[in-house]
Amino acid sequence: MPYTKPPRKKGVSIYRPFIFGSVAEHIDPATRPSTINADHTHRWTLYVRPCPPHPDLSYFIKKISFKLHETYTNSLRTIEAPPFEVTETGWGEFEVQIKLYFVPEANEKPQTIWHHLKLHPYGPDAERQRERKEAVISECYEEVVFNEPVEAFYDLLTSSGGGPVGRGKGSKGSKQASMGGKKGAQGERVAELPFDGTYSQKEEGREMDRLRQAIKTVEVMVREERQKLEEREKTLADLRSGDGAAVKAR
């Protein structure tokens, strides 16, 4: 009997938000458990969590894999039930591949996102954070968009999770899950959330202001370096012309 593709909800897109990220804490040498490697400086947790008020992700996510740095034993960690988290210890930062596998009803391919594991604070308050030994939290908001989902999966999403549904024509090849948000260096993600885990347009505006100020600072530095280079080149040219005049005089 020939395979029949399951029917899809034409002209419908439905998305589900979630948060992914990490939290890292410095290990106090005085209270370090003997089971932890002496070179490891931090204990950290990688996670994928639902956005409030949604309490669960497992109704549409079957499992999540976290690809750690190759130096870790069993570097590919697969979590098949909530909480979708991995806790480890270490001393270095690295990029983590996170892959989301959907429930069989979805009939969708896995989707991949990337997260940079942060162990150390950055920014203007970094020094004070180090002194206070505060946890380093790095979170991102993301949305998985199901364009023209299979009807059975659509029923599952709307009955279990409720939430946002949009109607409209999808783009070419849109009959699959895709990650929304602003594109990053690897995968697709949006701007980081503030440390309290609440995303807001106000926080995004502050982040954009910081980025614009950083760009201006870099532009000033580039102009200064270019000016220094031009001065050096002029000095070098003067020296060369002076050497030539001295040779002719001899």
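This report walks through a predicted model of one protein chain, from its overall layout to a few residues and hollow spaces.

**The chain as a whole**

Let us begin with the broad view. The protein chain is built with three helices and ten strands. Following the sequence from start to end, these elements come in the order β-β-β-β-β-β-β-α-β-α-β-β-α. The protein chain has 250 residues, and 32% of them count as buried. Among the contacts in the protein chain with a separation of 6 or more, 70% join residues that sit 24 or more positions apart.

**Thr89 and its surroundings**

A good place to zoom in is Thr89, which belongs to strand 5, spanning residues 84–90. Is Thr89 buried or exposed? Its relative accessibility is 11%, so Thr89 counts as buried, the limit being under 20%. Leaving aside residues up to four places away in sequence, Thr89 touches Ile27, Ile36, His40, His42, Arg43, Trp44 and Tyr72. With one of these neighbours there is also a polar contact: the side chain of Thr89 meets the side chain of His40 at 2.7 Å.

Ile36, another residue that Thr89 touches, lies in the loop between strand 1 (12–26) and strand 2 (42–50). Ile36 is buried because its relative accessible area of 11% is under 20%. With residues up to four places away in sequence set aside, Ile36 touches Ile27, Arg43 and Thr89. Ile27 and Arg43 are thus found in the contact list of Ile36 and also in that of Thr89. From Ile36 to Gly90 there are 54 residues in sequence, while their C-alpha atoms are 9.1 Å apart in space.

**Thr78, a second threonine**

Thr78 is part of strand 4, which covers residues 76–79. Thr78 has a relative accessible area of 38%, so it is partly exposed, a class that lies between 20% and 50%. Which residues does Thr78 touch, not counting residues up to four places away in sequence? They are Lys63, Ile64 and Ser65. Thr78 and Ser65 stand 13 residues apart in sequence, with 4.1 Å from C-alpha to C-alpha.

**Two cysteines**

The structure holds zero disulfides. A disulfide is a covalent bond between the sulfur atoms of two cysteines. Cys51 has a relative accessible area of 7% and is therefore buried. Cys140 counts as buried too, because its relative accessibility is 2%.

**Hollow spaces**

Next come the empty spaces in the model. Rolling a probe the size of a water molecule over the atoms shows where empty space is left. Searching the whole structure turns up one cavity of 30 Å³ or more. The table sets the largest cavity beside the second largest pocket.

| Space | Volume | Lining by class |
|---|---|---|
| Second largest pocket | about 180 Å³ | three nonpolar, five polar and one charged residues |
| Largest cavity | about 30 Å³ | four nonpolar, one polar and two charged residues |

Which residues line the second largest pocket? They are His40, His69, Thr71, Tyr72, Gly90, Trp91, Gly92, Glu93 and Phe94. Two names here link back to Thr89: His40 and Tyr72 line this pocket, and Thr89 touches both His40 and Tyr72. Gly90, whose distance to Ile36 is given above, is also one of the lining residues.

The lining of the largest cavity consists of Arg16, Pro17, His54, Asp56, Leu57, Tyr59 and Phe60.

Notes: Residues are numbered from 1 along each chain as its sequence is written. This is a predicted model: local features need pLDDT of at least 70, side-chain atom pairs count only at pLDDT 80 or more; totals for chains, interfaces and linings use all residues. Side-chain values use heavy atoms; hydrogens and water are left out. Helices (H or I, at least four residues) and strands (E, at least two) are DSSP runs, numbered from the N terminus. Buried means under 20% relative accessible area, exposed over 50%, partly exposed in between (1.4 Å probe, protein chains only). A polar contact is a pair of N or O atoms within 3.5 Å; within protein, one must be able to donate a hydrogen and the other to accept it, and residues adjacent in sequence count only if both atoms are side-chain atoms. Contact means heavy atoms within 4.5 Å. On a 1 Å grid over the protein atoms alone, a cavity is a set of points where a 1.4 Å probe fits but cannot get out, and a pocket is an open set with protein on both sides within 12 Å along at least five of seven lines; lining residues have an atom within 4 Å of a point. Grid points are joined across faces, edges and corners, and a volume is the space filled by probe spheres set on the points. Ala, Val, Leu, Ile, Met, Phe, Trp, Tyr, Cys and Pro count as nonpolar, Asp, Glu, Lys and Arg as charged, and the others, Gly among them, as polar. A disulfide is a pair of cysteine sulfur atoms within 2.5 Å.
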